[in-house]
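Me: I have a structure open on my screen and would like to learn how to read it. Could you walk me through it, feature by feature?

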Amino acid sequence: PSTLPAGIASRGLNLDRAAEYFGVCPTTFKKLMKLGIVRPIDMGGIERNVDREALDAAMTARARGHQQ
C-alpha cells in the first residue's frame with residue numbers, strides 16, 4: 001500500500017509498475033525500452049524509474065501513429 005495521501009499517484013514508477021501502467025508484461029516493457037519507445041529516467045544509478053507522464057505521452061504518440 002502507498003503511503004502517499006489519498007488521490008496522489010506516484011509519478012516515478014519502477015519497471016514492473018510502469019509495465020503494468022502501460023498495459024504490457026515486464027518483458028515486453030523492457031523490449032519497448034530497448035526500442036526507445038519508453039525511456040527510464042536517470043536516478044543517479046540507484047534504480048531505474050519511468051515517469052508516469054512520459055508513459056502517457058508515449059502512449060498518446062503511439063495511438064496517433066507517431067513516434068516520440
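Reply: Gladly, and let us start at Ser10, which lies in the segment before β1. A word on the source: this is a predicted model, where local features need pLDDT of at least 70 and side-chain atom pairs count only at pLDDT 80 or more, while totals for chains, interfaces and linings use all residues. Residues are numbered from 1 along each chain as its sequence is written, and side-chain values use heavy atoms, with hydrogens and water left out.

Me: How is a label such as β1 assigned, and which elements does the chain have, in what order from the N terminus?
Reply: Helices (H or I, at least four residues) and strands (E, at least two) are DSSP runs, numbered from the N terminus. Here the chain has 3 helices and 2 strands, arranged as β-α-α-β-α from the N terminus on. Its C-alpha trace spans about 35 × 25 × 20 Å along the principal axes.

Me: Back to Ser10: what is its relative accessibility?
Reply: The scale has three classes: buried is under 20% relative accessible area, exposed is over 50%, and partly exposed is in between (1.4 Å probe, protein chains only). Ser10 has 25% relative accessibility, so it counts as partly exposed. Across the chain, buried residues make up 25% of the 68 residues.

Me: Which residues does Ser10 touch, not counting residues up to four places away in sequence?
Reply: Contact means heavy atoms within 4.5 Å. With residues up to four places away set aside, Ser10 touches Leu4, Arg17 and Arg52. Ser10 and Asp51 are 41 residues apart in sequence, yet their C-alpha atoms are 9.0 Å apart in space. For the chain, take the contacts between residues at least 6 apart in sequence: 45% of them join residues at least 24 apart.

Me: How many salt bridges does the structure hold?
Reply: The general idea is that side chains of opposite charge can pair when their charged atoms come close. A salt bridge is a side-chain nitrogen of Lys or Arg within 4 Å of a carboxyl oxygen of Asp or Glu. The structure holds 2 of them. In one, Arg11 pairs with Asp51, with the closest N and O atoms 2.7 Å apart. Arg11 lies in the segment before β1 (12-14) and Asp51 in strand β2, so this pair ties together parts that are 40 residues apart in sequence. Arg11 also forms a salt bridge with Glu53, where the closest N and O atoms are 3.3 Å apart. That pair links distant parts of the chain too, since Glu53 is in helix α3 (residues 52-63), 42 residues from Arg11. Together, Arg11, Asp51 and Glu53 are linked in a network of salt bridges.

Me: Within that network, is Asp51 buried or exposed?
Reply: Asp51 counts as buried, at 15% relative accessibility. Arg11, at 44%, counts as partly exposed, and so does Glu53, at 41%.

Me: What about Arg52: which side chain of opposite charge is nearest to it?
Reply: For charge, Lys and Arg count as positive and Asp and Glu as negative, while His and the chain ends are not counted. Arg52, in helix α3, is buried yet has no salt bridge, and the nearest side chain of opposite charge is Asp56, 4.7 Å away. Leaving aside neighbours within four places in sequence, Arg52 is in contact with Ala9, Ser10, Arg11, Leu13 and Tyr21.

Me: Which residues form patches on the surface?
Reply: Patches are made of residues with over 30% relative accessible area and no salt bridge: like charges are joined within 9 Å, nonpolar side chains (Val, Leu, Ile, Met, Phe, Trp, Tyr) within 5 Å. The place of a charge is taken as NZ of Lys, CZ of Arg, CG of Asp or CD of Glu. Lys30, Lys31, Lys34 and Arg48 gather in a patch of positive charge. Arg48 lies in the loop between α2 and β2 and is partly exposed at 47% relative accessibility. Ile41, Met43 and Ile46 form a nonpolar patch with about 300 Å² of accessible area together; such areas come from the Shrake-Rupley method with a 1.4 Å probe, and for residues only the protein chains shown count as cover. Ile46 is in the loop between α2 (26-34) and β2 (49-51) and is exposed, at 75% relative accessible area.
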